Amino acid sequence: MTKDKSIFIKNIYYMLSYAFTTLKESVYDNIEKEPFDNIHNLFAAILAKGIGLQLKQGLYKEYINRVEDLAVVRGKIDLPGTIRNKLQDRMLVTCDYDELSENNLLNQILKSTVFLLLRQKDVQEKYKSELKKEMLFFSEVEEIELAHIRWSDIRFQRNNRTYQLLLAICQLLIEGSLLTTESGEYRLANFVDEQRMSRLYEKFILEFYAQEFGQRIKGFSSRASQIPWQLDDGYDTLLPVMQTDITLTYGNQTLIIDVKYYERTLQTNFDVQTLHSGNMYQIFTYVKNKEAELAGTGHQVSGMLLYARTDEDLVPDNVYHMSGNKISVKTLDLNQEFSEIKNQLNKIVKDHFGISIRQ
């Protein structure tokens with residue numbers, strides 16, 4: 001995907017900083033200035049800073065259900081267990097109670113991920129040293145089996161929202177790790193795979209426009225929105241949901257962006273290179289249904305496929321006019337200084353909406 005590994009790794013940090021705004025807090029400032037030769041050191045640095053900040057705020061606690069044999073009553077008495085103790089001449093009461101504990105899933109994931117990093121040879125000692133010190137405060141937290149984590153079950157609310165960035169880093173690391181058949185131990189892949197990078201790339205673009213334009217320019221909107229099918233009879237059984245990656249709106253103009261992160265941008269058929277047909281069909285469908293939804297309002301709807309640049313010689317940069325709508329295909333080069341990435345993204349807004357912001 002890139003030729004300069006250190007620039008690309010640093011840009012992953014910037015992408016994360018937009019996707020998770022907590023990375024813009026002062027505690028993370030030094031990370032931006034550090035050179036990273038591999039992705040593990042970047043993630044270790046973020047986790048070391050983030051866990052340290054979390055320790056100052058206090059580890060998240062939640063009520064954990066426990067059933068224990070005790071000498072005094074606590075919580076509710078479990079009758080079957082208490083009767084069993086009596087029959088065995090044990091002067092104990094089986095109690096069912098809830099205990100506020102740090103030994104919950106969020107902290108277990110943090111501890112297990114840190115231990116995974118500590119076992120990696122390419123993680124620098126300065127990060128390992130910081131993480132080891134922080135793990136002293138996790139003595140009551142158990143490690144868990146990484147492969148059994150159900151990420152979809154994790155819910156964030158007001159009391160644990162500060163864990164979002166940390167858990168996202170853990171997920172990137174754990175889902176990118178490989179299990180060796182020889183020793184049965186996890187080892188980390190030296191890259192973030194295409195699927196995970198695609199999610200990060202999408203969230204980065206969405207949040208970049210929300211923060212850089214949505215928070216500065218009145219009336220500008222950046223969101224991931226659904227587009228209703230424009231049906232003649234209202235019958236929509238089995239139709240898929242049309243969920244856009246990014247919908248930018250300003251004044252009477254809407255730009256629907258579908259972001260794509262592939263190892264190969266183009267498909268080849270009989271030695272002829274073309275854009276992935278499904279991508280073009282999808283963005284065209286989004287645009288035409290959105291246009292039909294806004295019919296009669298004077299609103300203009302355009303679409304864009306925004307690819308991450310690969311090492312292919314042919315770099316898509318085209319504008320097509322289809323049935324009254326403009327469909328663009330652009331390529332964002334992530335293998336350059338981040339200031340240039342911002343310039344490219346700013347130019348997209350300037351070209352489509354005629355607005356710009358001061359850097």
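Student: What makes strands β14 and β15 a pair, and is their pairing parallel or antiparallel?

Tutor: β14 (residues 318–322) and β15 share five bridges in the antiparallel sense. Two strands pair if DSSP finds at least two bridges between them, so five bridges meet the criterion. The strands themselves are DSSP runs of E with at least two residues, while helices are runs of H or I with at least four, both numbered from the N terminus. The model is a predicted one, in which local features need pLDDT of at least 70 and side-chain atom pairs count only at pLDDT 80 or more, whereas totals for chains, interfaces and linings use all residues. Residues are numbered from 1 along each chain as its sequence is written, and side-chain values use heavy atoms, with hydrogens and water left out.

Student: Which strand is joined to β15 in the parallel sense, and by how many bridges?

Tutor: Strand β13 (residues 300–308) runs parallel to β15, and six bridges join them. V329 of β15 has L305 opposite it, and N318 also stands opposite V329. β14 and β15 form a hairpin with two residues between them, and S323 in that turn has a positive phi of about 50°.

Student: Why is β15 described as mostly covered?

Tutor: Six of the eight residues of β15 (325–332) are buried. Buried means under 20% relative accessible area, exposed means over 50%, and partly exposed lies in between, with a 1.4 Å probe and protein chains only. For the chain of 359 residues, 46% count as buried.

Student: What is the strand order of the sheet that holds β15, and which of its strands are edges?

Tutor: The order is β6-β9-β10-β13-β15-β14, in an open sheet of six strands with mixed pairing. β6 (221–223) and β14 are the edge strands, because each pairs on one side only. Neighbouring strands are turned by 20° against each other on average, direction ignored. Helix α8 (residues 194–214) packs on this sheet and touches β6, β9, β10, β13 and β15, its direction making about 150° with that of β10. Here a contact means heavy atoms within 4.5 Å, and the axes are lines fitted to C-alpha atoms, for helices over the stretch in contact, with angles from 0 to 180 degrees between N-to-C directions.

Student: How do you know that D317 and K330 form a salt bridge?

Tutor: The N to O distance between their side chains is 2.8 Å. A salt bridge is a side-chain nitrogen of Lys or Arg within 4 Å of a carboxyl oxygen of Asp or Glu, so the pair qualifies. D317 lies in the loop between β13 and β14, and K330 in strand β15, 13 residues apart. At 23% relative accessibility, K330 counts as partly exposed.

Student: Why does the pair of R309 and D333 also count as a salt bridge?

Tutor: Their closest N and O atoms are 3.8 Å apart, which is within the limit, so the pair counts. R309 is in the loop between β13 and β14, and D333 is in the loop between β15 and α10. R309 is partly exposed at 34% relative accessibility, whereas D333 is buried at 18%.

Student: What does the salt bridge of K126 and E34 tie together?

Tutor: K126 lies in helix α6 (residues 125–135) and E34 in the loop between α2 and α3, so the pair ties together parts that are 92 residues apart in sequence. The closest N and O atoms of K126 and E34 are 3.3 Å apart. K126 is partly exposed at 43%, and E34 is buried at 16%. The structure holds eleven salt bridges.

Student: Why is Y13 called buried?

Tutor: Its relative accessibility is 3%, so Y13 falls under the limit for buried residues. Y13 sits in helix α1 (residues 5–19). Leaving aside residues up to four places away in sequence, Y13 touches L23, Y28, I31, E32, L42 and I46.

Student: What is the strand order of the three-stranded sheet, and where does helix α4 pack?

Tutor: The order is β1-β3-β2, with antiparallel pairing in an open sheet. The edge strands are β1 (62–70) and β2 (76–77). Helix α4 (residues 79–87) packs on the sheet, touching β1, β2 and β3, and its direction makes about 130° with that of β3. β1 and β3 (residues 93–101) pair over nine bridges, and V67 has D96 in β3 as its bridge partner.
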